[in-house]
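Could you walk me through this model in the viewer, telling me what to select at each stop and what I will find there?

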Amino acid sequence: MMRGLGPAAAAALGGRSAARWCTYRRVTVAVCLGNLVAVLLVVRSLYSAPGYFASAPRRVAVKYSEEQIRLVEESIRIRRAAVPVELVEAVKKLEKVFAREEKRRKELPLELKQKVSYEILERMRDLGENSNTTEQREALESWRLEKLKDIRSASAQNLLMSDLSNEESRMLKRALELNWRMLMEDIGLWIPVSVWHTEHDDKPENEPEEEEIIAGPPLPPECNAQVHTDYGGAAVRWGLTHHKESAADCCQACLDQAKRARPGALKCNIWVYCPSEYGCYSPDKYEHKHQECWLKQADHPKLNFKDRYSESYRDAHPSAPVVVPWMSGVITV
């Protein structure tokens, strides 16, 4: 059809065809394709550039000597030998045992534990308030054996116990036989263990007692020093404000006071000294300190305490020690 068209008509037709091809959509597609090609070219140039993977770590085959290999094997052997295999196995076994015991403990229902605790309390009340731990343990063990006997007898005769079902009887029987201690813990029952202490005297007969060392100068015979002894008497000089360096000095102070005493005044014939660095106990309200020296007088000296405070005295005076801390003597001229 275009064969008969003139040059001007053909040019006009070609211009309109070009205008139809250069639309906005086609130009956008062409630009996107151009950008995609440019990106592909850039990526290709980066991957093909020398040294791009130069920083990547390379695996290098390292050859070890026989001595190095031997040392590595030796260290592995020592490390394996150091593992406490027996201990690990024992711990695993204990964990299994504890897990089984915990499972058995949880199986016992709360109502059954309460029944058991009520029966045990009744048995303990029957003993009375003055029962000792040994009697309580015997009564508890007697109740356990009786309960087991009743459960076994009822099971052998296919009978039901009056207060327990078959399932409860089975669980209680297992608890009394295998988990008795855990059952006592669950119901809050604890009886202290009785400890019997026997003091053995291995000292040979007729062997003299060891003399206790007294700090300071030796005491003269007229002092008649006695350790762990407290004599009573009228106070000639209060020890609260009268301190001496040693027991010998305290005794000498008593001797000196007796010589210098005025006619009709009290003359010291008893001295009491505190040799303990921690002070000495006395039932009065004062705090008696180290090196206190009491000068006393008595026509007929009497002992307050000797060697040890009695149990009855310590019960009445909880702060009293076991051993009498004072030392004293009666002067003989």
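## Stop 1: the largest pocket

Start with the largest pocket, whose volume is about 290 Å³. It is lined by 12 residues, and those closest to its centre are R137, R181, M184, L189 and I191, so select these five to centre your view. Keep in mind as you go that this is a predicted model.

Now colour the helices around the pocket. α6 (133-156) and α8 (180-186) each bring at least two residues to its lining. Which helix gives the most to that lining? It is α8, with 4 residues.

## Stop 2: the second largest cavity

A search of the whole structure turns up 2 cavities of 30 Å³ or more. For the second largest cavity, the volume is about 40 Å³. To show its walls, select L112, K115, V116, E119, W143, K147, D163, L164 and L172.

You will meet α6 again here: α5 (110-127) and α6 each supply at least two residues of this lining. The helix that gives the most is α5, with 4 residues.

## Stop 3: strand β4 and its partners

Next, select residues 293-297, which form strand β4. Is this strand largely enclosed or open? Of its 5 residues, 5 are buried, so the rest of the structure largely encloses β4. Show the side chains and look along the strand: C293, L295 and Q297 point one way, while W294 and K296 point the other way. Both sets are buried, the lysine and the glutamine included.

Then add the strands that pair with β4. Strand β2 (residues 234-237) runs antiparallel to β4, with 3 bridges between them. To find the register, pick A234, which stands opposite Q297 in β4. Strand β3 (residues 270-273) also pairs with β4 in the antiparallel sense, this time over 4 bridges. Here a handy residue to pick is I270, whose bridge partner in β4 is K296.

## Stop 4: two backbone angles to check

Two loop residues deserve a click if you are looking at backbone torsions. Most residues other than glycine have a negative phi, which is why a positive value is worth a look.

Select N224 first. Although N224 is not a glycine, its phi is positive, at about 50°. You will find N224 in the loop between α8 and β1 (229-231). Its relative accessibility is 31%, so N224 counts as partly exposed.

Go on to D307, another residue other than glycine with a positive phi, near 65°. Where does D307 lie? Look in the loop between β5 (303-306) and α10 (311-316). With 40% relative accessibility, D307 counts as partly exposed, since that class runs between 20% and 50%.

## Stop 5: a nonpolar patch on the surface

Finish on the outside by switching on the surface and selecting V62, Y64 and I69. Together these residues make a nonpolar surface patch of about 330 Å². Zoom in on Y64, which is placed in the loop between α2 (24-48) and α3 (66-82). Is Y64 buried or exposed? Y64 counts as exposed because its relative accessibility is 58%, and the cut-off for that class is over 50%.

Note on methods
Residues numbered from 1 in each chain as written. Predicted model: local features only at pLDDT ≥ 70, side-chain atom pairs only at ≥ 80, totals over all residues. Heavy atoms only, no water. Patch = residues over 30% accessible without salt bridge, like charges linked within 9 Å, V, L, I, M, F, W, Y side chains within 5 Å. Areas by Shrake-Rupley, 256 points an atom, 1.4 Å probe, with all protein chains shown as cover. Salt bridge = Lys/Arg side-chain N within 4 Å of Asp/Glu carboxyl O. Buried < 20%, exposed > 50% of the residue type's maximum accessible area, 1.4 Å probe, protein only. Pairing = 2+ DSSP bridges. 1 Å grid on protein atoms, 1.4 Å probe; cavity = no way out; pocket = protein on both sides within 12 Å on 5 of 7 lines; lining within 4 Å. Points joined across faces, edges and corners; volume = space filled by probe spheres on them.
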